[in-house]
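Thank you all for coming. I would like to take you through one protein model this morning, going from its sheets to a few individual residues, so please have the sequence and the structure open as I talk.

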Amino acid sequence: MCRHVAWLGAPRSVADLVLDPPQGLLVQSYAPRRQKHGLMNADGWGAGFFDDEGVARRWRSDKPLWGDASFASVAPALRSRCVLAAVRSATIGMPIEPSASAPFSDGQWLLSHNGLVDRGVLPLTGAAESTVDSAILAALIFSRGLDALGATIAEVGELDPNARLNILAANGSRLLATTWGDTLSVLHRPDGVVLASEPYDDDPGWSDIPDRHLVDVRDAHVVVTPL
């Protein structure tokens, strides 16, 4: 499994979202509070954001987040209106390499998958960034378009009843997410919206998204619909 978080709103530093919160992704990499599968997320991490021109930028690693001093030094200077980051707990048998760490991208979207899926139910494509299940699933989602995210996840879930398919995606002006087998929480702040696998602090404003739902965030409005 993995943990992920996304922000859409006023400019925030990547450190403010990922490293600084008392229960942020840095802490979740070694001590998650709500993770149902696995105890740590030490098999890689990635942070993505959209720059002032709307270009998606990424920094990915196959090492634990807590051991990257260079990222800790630079992250406070990286500011964006839209950020997506994740820490990874690799499924047994899957490779551990930077390209296997989310966020994956098609140039327009950044995407993270929290869960697992049988690769046998997914079409093979040269567009996948890695051979891991999450990368192949991301390539399928990109090929069908994010507007079809809910339908794609429902189809994959039917093909693999044991799949866990929590998706988090961002394109600079919109966040999309699914809950399918694991947790997701939302926080409305005065300056924007956070979606996260689990709350990164004890703010009472956090609320949980029900399982098997689609979340669509645009212009600070959050729409939640059943899958």
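Before anything else, a word on one term: when I call a residue buried, I mean that its relative accessible area is under 20%, whereas exposed means over 50%, and partly exposed covers what lies in between. Please also keep in mind that what you see is a predicted model.

With that cut-off in hand, let me begin with strand 8, which covers residues 174-179: six of its six residues are buried, so this strand is largely enclosed by the rest of the structure. In a regular strand the side chains alternate between the two faces of the sheet. In strand 8 both faces are covered, since Arg 174, Leu 176 and Thr 178 are buried on one side, and Leu 175, Ala 177 and Thr 179 are buried on the other.

What are the partners of this strand? On one hand, strand 7 and strand 8 run antiparallel and are joined by four bridges, with Ala 170 standing opposite Leu 175. The hairpin that these two strands form has three residues between them, and Gly 172 there takes a positive phi near 100°. On the other hand, strand 8 pairs with strand 12, residues 213-218, in the antiparallel sense over six bridges, and here Val 215 is the bridge partner of Ala 177.

Stepping back, these strands belong to an open sheet of six strands in the order 5-6-7-8-12-13, with antiparallel pairing. Its edges are strand 5 and strand 13, residues 221-226, each of which pairs on one side only. Strand 12 and strand 13 are joined by six bridges and run antiparallel, and Leu 214 stands opposite Thr 225 in this pair.

Two residues in the loops around strand 12 deserve a look for their backbone angles. Arg 212, in the loop between strand 11 and strand 12, has a positive phi near 55° although it is not a glycine, and at 40% relative accessibility it counts as partly exposed. Asp 219, in the loop between strand 12 and strand 13, is likewise a residue other than glycine with a positive phi, in this case near 50°, and its relative accessibility of 67% makes it exposed.

Now to helix 4, residues 133-144, whose 12 residues reach 17 Å from the first C-alpha to the last, close to the 16 Å expected at 1.5 Å a residue. Because 10 of those 12 residues are buried, helix 4 is largely enclosed by the rest of the structure; among the buried ones are Ile 136, Leu 137, Leu 140, Ile 141 and Phe 142. Which elements cover them? The cover includes strand 5, strand 6, helix 5 and strand 7. Right after the helix comes Gly 145, with a positive phi near 95°.

There is also an open sheet of seven strands, in the order 3-2-4-1-10-9-11, again with antiparallel pairing. Strand 3, residues 56-61, and strand 11, residues 207-208, are the edge strands, and each pairs on one side only. Within this sheet, strand 1, residues 2-13, and strand 4, residues 79-88, pair in the antiparallel sense over nine bridges, and Cys 2 stands opposite Arg 88.

Strand 1 also holds Arg 3, which at 0% relative accessibility counts as buried. Where does its side chain make polar contacts? One, of 2.8 Å, is with the side chain of Glu 198, and another, of 3.5 Å, is with the side chain of Gln 35. Arg 3 also lies 9.2 Å from Gly 115, C-alpha to C-alpha, although the two are 112 residues apart in sequence.

One more backbone feature: a cis peptide bond joins Ala 102 and Pro 103, with omega about 10°, and Pro 103 lies in the loop between strand 4 and strand 5.

Finally, the protein as a whole. It has five helices and 13 strands, and 54% of its 227 residues count as buried. A compact globule with 227 residues would have a radius of gyration near 17 Å, and the protein, with 16 Å, agrees with that. Among contacts between residues at least 6 apart in sequence, 66% join residues at least 24 apart. The protein exposes about 9500 Å², of which carbon and sulfur atoms supply 52%.

Key:
Residues numbered from 1 in each chain as written. Predicted model: local features only at pLDDT ≥ 70, side-chain atom pairs only at ≥ 80, totals over all residues. Heavy atoms only, no water. Pairing = 2+ DSSP bridges. Expected span 1.5 Å × (residues − 1). Buried < 20%, exposed > 50% of the residue type's maximum accessible area, 1.4 Å probe, protein only. Contact = heavy atoms within 4.5 Å. Rg over C-alpha atoms; globule rule 2.2 N^0.38 Å. Areas by Shrake-Rupley, 256 points an atom, 1.4 Å probe, with all protein chains shown as cover. Polar contact = N/O pair within 3.5 Å; in protein donor to acceptor, adjacent residues only side chain to side chain.
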